[in-house]
Amino acid sequence: MVNKTVASAADAVADIYDGATILIGGFGEAGSPIELIHALIDQGAKDLTVVSNNTGSGQVGLAALIANRQVRKMICSFPKSANSVVFPELYTRGEIELELVPQGTLAERIRCGGAGIPAFYTPTSVNTPLAEGKEIRHFNGNPYVMEYAIRGDFALVKSLKADRYGNLVYHKTARNFNPVMCTAATTTIVQAKHLVEVGSLDPETVITPGIFVQRVLEVTHPMEESVLVAENRRYPWNR
Amino acid sequence: MEQVKKGWEMAEVAQKVAADIPDASYVNLGIGIPEMVAGFVPEGRELIYHTENGLLGMGPTPVPGHEDPELINAGKKCVTAIPGASFFHHADSFMMIRGGHIDYCVLGAFQVSQEGDLANWSTGETNAIPAVGGAMDLVAGVKNIFVITQHTTKTGEPKIVQQCTYPLTGKQVVTRIYTNYAIIDIRDKKLYIRELAPGIEMEFLQQVTGAPLHQD
C-alpha cells in the first residue's frame, strides 16, 4: 500500500543530516512550512545550505532556524524584508554565507534540478555583477549566462490539501516555489492543512502529482508567521 | 521670491504612465511608486496585473478584515484576485516574464543611463545586504520597461546619467522615463523629450539631467 503519511513533525524531519541542502517553500510567510521548520530546529541538524526566496522574519520559522545557527549558507533572491533581522545581523558580521540569485533564475534552477537538466542559459543578469565569473554564450546574436540546476537533499513544503499518495493542492499565492521544490529534492516532506481520502482530489486540479512527494504530515492549524512576529514570539518558544 | 509650481506631483506622473498603457495589456508593477499606476487606469480600459509571486489578475487592496496572508503581492502586501484570475507556481510566473509574455513593466530606479541601462537593486555600499528579487528577470523579458521616478535624488543629484555608477539591473532595457519634470523616451541610445511638466524649461531640465537631452 502506498502511504506517505507520517505521524508527527519530529518523524517527518528525523533523518535530516548535518551538511544537507534543504529547499524550503514560501514567499515571505505565504506557503512557508513553519511547523516543519520548527521541528527541524528541535531536531538540530546543522551546517545546512538552505534554498528559499527570503530569510524569514522576526524570530520564528526560517529566521529562527538561522538564529539557532543551523544554517551555513542561504541561497535566495531577497534576503531582507520587513521584520527581517536575524539574517542581516549575521551577514553583516560575516557569520553566514549568501548566494544571491535573481528570483526567476532561482525558480528555473530548481525546476531544472527536478527535470534532469544540469544547466541552462538565461538572459537574466547578463551585464550585471550577478553574471560575473559565469559562462556567457551567444544565441541568435544575444548574450546569455549559464546557470546550474539546484537540487536538494530534502524539501520542506506547505500545501492546502494532500492525500496519502502525496498528491497536492495549494492555496492562492502560497503555491509560489513549493511545486518546483517538490520535484527537485531526494526527500520531499509536506505539511498539509487537510489530509484527504485518496480519490477525493479531482485529478484535473492536482498541482503536484504524488510521485514528487515522499512524506505527508497533516497540520490542521498552521501558525501564522506574521501573527507570531507581531506578538514578538521566538522559537524555541519564549514567554 | 515667489515660488512658482514646478513639475508634476508623483500621483500625476503615475496618471501619465497609466494613460500610456494600452487596453488589454498584461502589466507588472514594481513595488512602491509604480503601484500608484493601478489607481489611474482610464475608464473603459482593462489591464491584467501580474505579480511575480504567482497571480495573474491581481485586484486592489482588500477591505479591512478580509485580508488573507496567503494572497499577497510581490511586496508581500495583502491583495485580492479579480474574477478571471489565475494562480501558478514561480517557474511558470517567470516563464511569463522571461518568455516575453508580459507587455509592460513599470519600475522605480536609482539611476537610468541615456542608453537605457537601469540600476535599481543595489547602491553597492559595502555594508548593505544585497537583494535583487525579480527585477533582473523583468528587465530581461518584458517588452516595454517604463521607469517612474523623481527626476533627481533627495540631494539634487541627477538620476538620469550618461553611465550608471551603481550596479546594473540590466543593460539597454528602459524604453521610457516618467519623472516629476518630464517624460523622456530612450531611442538609439539617446534621450528624447516627449513632454515637459508645467513650469519646466528646457534649460532647467538639462541642468538637472546628467546626459544630453534631444528634441525631435
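**Note on a predicted model: hairpin and overall fold of chain A**

1. In the hairpin formed by β6(A) and β7(A), 2 residues lie between the strands, and A:N140 adopts a positive phi near 50°. The coordinates come from a predicted model, and the points below should be read with that in mind.

2. The two arms of this hairpin are strand β6 (residues 136-139) of chain A and β7(A), which pair in the antiparallel sense through 4 bridges. Within that pairing, A:R137 has A:Y144 in β7(A) as its bridge partner.

3. Strand β7 (residues 142-148) of chain A also pairs with strand β5 (residues 119-122) of chain A; these two run antiparallel and are joined by 4 bridges. Here A:A119 is placed opposite A:Y148 of β7(A). Strand β7(A) is thus bridged to β5(A) and to β6(A).

4. Taken as a whole, chain A contains 7 helices and 11 strands. Its radius of gyration is 18 Å, close to the 18 Å given by the globule rule for 239 residues, so chain A is as compact as a globular protein of that length. Along the principal axes, the C-alpha atoms of the chain fill a box of roughly 55 × 45 × 30 Å.

5. On packing, 54% of the 239 residues in chain A are buried. As for contacts in chain A with a separation of 6 or more, 77% are between residues 24 or more positions apart.

Technical notes. Residues are numbered from 1 along each chain as its sequence is written. Chains are lettered from A and ligands numbered from 1 in the order in which they are written. This is a predicted model: local features need pLDDT of at least 70, side-chain atom pairs count only at pLDDT 80 or more; totals for chains, interfaces and linings use all residues. The radius of gyration is taken over C-alpha atoms; the globule rule is 2.2 Å times the number of residues to the power 0.38. A residue is buried if 20 or more other C-beta atoms lie within 10 Å of its own, exposed if 12 or fewer, and partly exposed in between; C-beta atoms are placed from the backbone. Two residues are in contact if their C-beta atoms, placed from the backbone, lie within 7 Å. Two strands pair if DSSP finds at least two bridges between them.
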